[in-house]
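Here's a short set of exercises to work through with the model open in your viewer. Try each task before you read its solution.

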Amino acid sequence: MIRIQNIRKVYQRGDSEVHALRGVTCEVAENSFNFVVGPSGSGKSSLLYLIGALDQPTSGDVQIHDRSLSQFSNKQRDEFRRNQIGFVFQSFNLLRNLTALDNVLVPYMPVGISSELRRRAQELLDRVGLKDRMTHRPNHLSGGEQQRVAIARALLKQPQMVLADEPTGELDSATGAEVFGYLRDLHAEQSTTVIVVTHDERYIRDTDRVIALRDGKLAV
Ligand SMILES: Nc1ncnc2c1ncn2[C@@H]1O[C@H](COP(=O)(O)OP(=O)(O)OP(=O)(O)O)[C@@H](O)[C@H]1O
Ligand SMILES: [Mg+2]
């Protein structure tokens, strides 16, 4: 269970303060598929970054398996982020000079890549329909293919949680639907908790958990 407890986030912008989150409390069940929706500026990305320990709240806390992120040392926070969270962003964030396969493996390059890890990366690329694209560089891949590489990269570490911020924001709707299809299938297969920020409510089905934000608060 992920418990988000009265979380506030205030950004300093010049002399003024921006209240991005104004006390959000909610729970996310393990192995669930969740959406975060709301108008631009409502705090969706801020919430996702706080759950993923990419940033720290001004007040309030995020608890994961009864452990408070606020109690983590910087080192523990880095490890949590590196080992437990798979991030997928709108802009894919692939390295231009690396092949699809190497882009999936890149987080492990500093520690060395075993043949077992390489095999798993190949399996994941195969799983997202990129068996024949593994040696291609990003500029020879479509937007949807690039996002599938990013999903494979996020899943290689078998994370507790996948956090995706507008993963289909740069894709046409058919490609976007396909990317969501892969996210859902992999979620079902790997029992990963998934939290996806999206503007596009067409991707949401009635069984999904939806966290709706408005002006930094839960919309009621
Ligand atoms: N680093 C920052 N410094 C200052 N203000 C910020 C920062 N990040 C976000 N904000 C502000 O906080 C508010 C919430 O931003 P956030 O990015 O969480 O919204 P969002 O719901 O993800 O919006 P969008 O749909 O446009 O991505 C906005 O007013 C934004 O301008
Ligand atoms: Mg955002």
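**Exercise 1.** In which sense, right-handed or left-handed, does helix 5 pass helix 6?

Solution. Keep in mind that this is a predicted model.
- Start by finding the two elements: helix 5 covers residues 143-156 and helix 6 covers residues 173-190.
- Next, fit the axes. They come within 9 Å and cross at roughly 20 degrees.
- Angles under 35 degrees count as roughly parallel, so helix 5 is roughly parallel to helix 6.
- Finally, the handedness: the crossing of helix 5 past helix 6 is right-handed.

**Exercise 2.** Work out which residues make the contact of helix 5 with helix 6, and how they divide by type.

Solution.
- On the helix 5 side, pick out Gly 143, Gly 144, Gln 147, Arg 148, Ile 151 and Leu 155.
- Helix 6 answers with Thr 175, Glu 178, Val 179, Tyr 182, Leu 183, Leu 186 and Gln 190.
- Sort the residues of this contact and you get 6 nonpolar, 5 polar and 2 charged.

**Exercise 3.** Trace the sheet: in what order do its strands come, and which are the edge strands?

Solution.
- The sheet is open, has 4 strands in the order 2-1-4-5, and its pairing is antiparallel.
- Strand 2 and strand 5 (67-68) are the edges, each pairing on one side only.
- Now look at how helix 1 sits: it packs on the sheet and touches strand 1, strand 2 and strand 4, with its direction at about 120 degrees to that of strand 1.
- For the pairing in detail, strand 1 and strand 4 share 5 bridges, while 2 bridges join strand 4 (residues 59-64) to strand 5.
- Follow Gln 63 across: Arg 3 has Gln 63 as its bridge partner in strand 4, and Gln 63 in turn has Ser 68 as its partner in strand 5.
- One more pair to tick off: Ile 64 stands opposite Arg 67 of strand 5.
- Between strand 4 and strand 5 the hairpin has 2 residues, and His 65 takes a positive phi near 50 degrees there.

**Exercise 4.** Find which element gives the most to the shell around ligand 1.

Solution.
- List the surrounding residues: Tyr 11, Arg 13, Val 18, Ala 20, Gly 38, Ser 40, Gly 41, Ser 42, Gly 43, Lys 44, Ser 45 and Ser 46.
- Assign them to elements. Strand 1 (2-13), strand 2 (16-28) and helix 1 (44-51) each supply at least two.
- Helix 1 gives the most, with 3 residues.
- By type, the shell around ligand 1 splits into 3 nonpolar, 7 polar and 2 charged residues.

Conventions:
Residues are numbered from 1 along each chain as its sequence is written. Chains are lettered from A and ligands numbered from 1 in the order in which they are written. This is a predicted model: local features need pLDDT of at least 70, side-chain atom pairs count only at pLDDT 80 or more; totals for chains, interfaces and linings use all residues. Ala, Val, Leu, Ile, Met, Phe, Trp, Tyr, Cys and Pro count as nonpolar, Asp, Glu, Lys and Arg as charged, and the others, Gly among them, as polar. Two strands pair if DSSP finds at least two bridges between them. Two residues are in contact if their C-beta atoms, placed from the backbone, lie within 7 Å. Axes are lines fitted to C-alpha atoms, for helices over the stretch in contact, and angles run from 0 to 180 degrees between N-to-C directions. Angles under 35 degrees count as roughly parallel, over 145 as roughly antiparallel, 65 to 115 as roughly perpendicular and the rest as oblique. A crossing is left-handed if the near helix is turned anticlockwise from the far one by less than a right angle, and right-handed if clockwise.
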